[in-house]
Structures are given as structure tokens and as C-alpha cells.
Amino acid sequence: MANGNPGSDQYFVEVNGQRYGPVGLEQLKRWVMEGRVERQTDLIESVSENRIKAESLPDLFAVSTTPPVQAPPAKARPAPSAPVTPLFAQSAPVKKGWPVWAILLAVFGGMGVLCCPILAAIVIPVFAQARVAAHEAKAVTNLKQLAIGVLLYSEDNDDAFPARLDTALQTQPYLSPYVMDKGIFKSLNPDGGQILGNRVLSNHLVTAVAAPRQTVLFFDEKPWRPSWALASFVDGHAARSPFMQLQALLSVNPFPPIPQESPVQVAPPADVGADAGSVPNTPTSPDTGSSPVPGNYPNQDSVPNPAYPPDSGSGADGGAPQQNGANDGSQG
């Protein structure tokens, strides 16, 4: 506020956040006449820092009798005096170079970006092979469980194989009570296909198989990459073998052929003569009723065939045949 000596007061004029001054009351009146200071303009006392409105000064807007001082033309941007510098002015930041950690981070980041495609080309095939190997191990386990299920079924059914062994799915009604996982009847081959069975074994006895360890029971329809076959065998084990070897095992007859009995050769009995004049190995005449002696018949291992008559040289009384070939009249 104005005191007893208004001319001695100094004020700052605040316009748009900028302070101008300090100026006295006379200078303020000139700015009022120039339109730079209005009634609602903020004035700040230089000593007490009190903020007042320009209209609160009674003598500021009174009509002056003294002629106005010619003021310089107003500029587009009023700047009556330099703005007040803050007490704690901040200096402009000094530009510095990049820190070491930022440089290292940029270098290693660039190397990582360049190495990512190379690492991906190495790691992705390895992961793919590991995934296929895991599926293959699971498939071998499933085939082994199928073979064990067939063996358990045969123990409860007089050692007989199931009635249908064309595919694993066809054996599901027979093997369901003996397996826990119902998913083992389907193939895990990435190329598709199904699990086939050895149809030759259907309704046969397990004990009739000649070589259970080499006889295929179940196998994957399609080979695993590149050319491996997965199969289970009658003895209950499962293995991984070349696909061509599996085809060779399937072509072998699992049941051994029944050997044919050869006819028994009966040796002739020892020569026993009733008298010294009898000839060995001479059959008796059928008219005597005595049992024939094998020796001169076409089939020596059987009873004499009526189609082959006895030797014409033998007599009706069972004696030795005549050496001279004379007919005794008994044979017609």
C-alpha cells in the first residue's frame, strides 16, 4: 500500500508471469496512460513483497494536470525492463559422452541380434529331434504294453491269441481288461498310420509259436524317420529295428511244419529151418495155412498181397521149391 510519501514506493509489475521493475508511481502512471498497466494488473511491493492490484492505488488512475511525457512508441512485445533473475538460477547441463555400461550394452546387444539366427538354426532342429525321440520312446512303450496285454489274455483263454489281430484297435475289446491306458491302441507316428497286428497268429496257441522272440506281434504301419520300424514280439519285448528287417520277420512262418512220419522198416527174422534141407527165406504156400515168411513178396513190410501169388516153384505141402522147375500137377 501507498504510504505518506507515494513517490518513494517502488513496485514490480507482473505481466504474464514476468516481473518488470522496480519502478515508481510516476512511471506506473505513464504505463497506465500507454495502456500497459490496467486496473487488474498485479503490482508487487519491492520491500514487503505484498501483491496488490493496480486499482488499489488511488493516485494511479487520477487525471494528471501535468502534460504527459512523450513516451517511445509501444512495441509489439512490451519489455520495459529486464526480467528479474531468480535467486538460484540453474546452469545449463554440461553434455557428456555415453557411459561405459551403455556402450557395452549396445555392443553385446548388437552381437546378440546377429547371433540369434545362428543359434535358432542350431537349437530348433535339436529340439525337434528330441521331441521325435520322446514320441518314439512312448510308442515303443505302448507296443510293449500291447504285447503284455495279449500274453495276459492268452493265460485266461487257454493260451490262445485273440480272434482278430489285424489291427490294434480290433484287439481293444479283448485287451481292455488287461491295459490301463486306452491310448496305446493308436499310433504316435508323426507321419500317421495305425498299429497293425500279425494276423497269422489269430486264434492260434501261443505255445505253438516256434520262436517267440523273433515273431512279430504288433508293429507300426509306417516307418519312423528315416527308415526305422517299431514292433513288439510274442515274448513280450518291444524294439526298434530297420524297416526291411521287420518285413523279413513278417514273411517267416511262425509255426513250424509238422514232420511226416517215415514208414518203419521191419527187418526179416532170422532163418530158422526145420531140417537141414530147407532153403532160407522161402515162403510157405498159402494153402498150408501157416503164416507167411517175408522175403519174396513185393512189399516186405506188410501182409502178403493176394495180387502177388506165391512162387510157382513151391509145393503145396510147404516144401522147398523144385530146383528143376517141374510142375507137380497141384498148380493149374
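**Note on helix α2 and the loop after it**

1. Asp 158 sits in the loop that runs between α2 and α3 (172-175). The model is a predicted one. Asp 158 has a relative accessible area of 69%, so it is classed as exposed, the cut-off for that class being over 50%.

2. The backbone of Asp 158 deserves a look. Its phi is near 55°, a positive value in a residue other than glycine. Most residues other than glycine have a negative phi.

3. Asp 159 is also found in the loop between α2 and α3. Its phi is positive too, at about 60°, although Asp 159 is not a glycine. With a relative accessibility of 34%, Asp 159 counts as partly exposed, since that class lies between the limits of 20% and 50%.

4. Which residues gather with Asp 158 and Asp 159 in a patch of negative charge on the surface? The other members are Glu 155 and Asp 156. Helix α2 covers residues 100-156, whereas Asp 158 and Asp 159 belong to the loop between α2 and α3.

5. Asn 142 is another residue to check, and it lies in helix α2. Is Asn 142 buried or exposed? Its relative accessible area is 3%, so Asn 142 is buried, because buried means under 20%.

6. What does Asn 142 touch, leaving aside residues up to four places away in sequence? Its contacts are Gly 183, Ile 184 and Leu 188. In the viewer, Asn 142, buried at 3%, can be set beside Asp 158, exposed at 69%.

Note on methods
Residues numbered from 1 in each chain as written. Predicted model: local features only at pLDDT ≥ 70, side-chain atom pairs only at ≥ 80, totals over all residues. Heavy atoms only, no water. Helix = DSSP H or I, 4+ residues; strand = E, 2+ residues; numbered from the N terminus. Buried < 20%, exposed > 50% of the residue type's maximum accessible area, 1.4 Å probe, protein only. Contact = heavy atoms within 4.5 Å. Patch = residues over 30% accessible without salt bridge, like charges linked within 9 Å, V, L, I, M, F, W, Y side chains within 5 Å. Areas by Shrake-Rupley, 256 points an atom, 1.4 Å probe, with all protein chains shown as cover. Salt bridge = Lys/Arg side-chain N within 4 Å of Asp/Glu carboxyl O. Lys, Arg positive; Asp, Glu negative; His and termini not counted. Charge placed at Lys NZ, Arg CZ, Asp CG, Glu CD.
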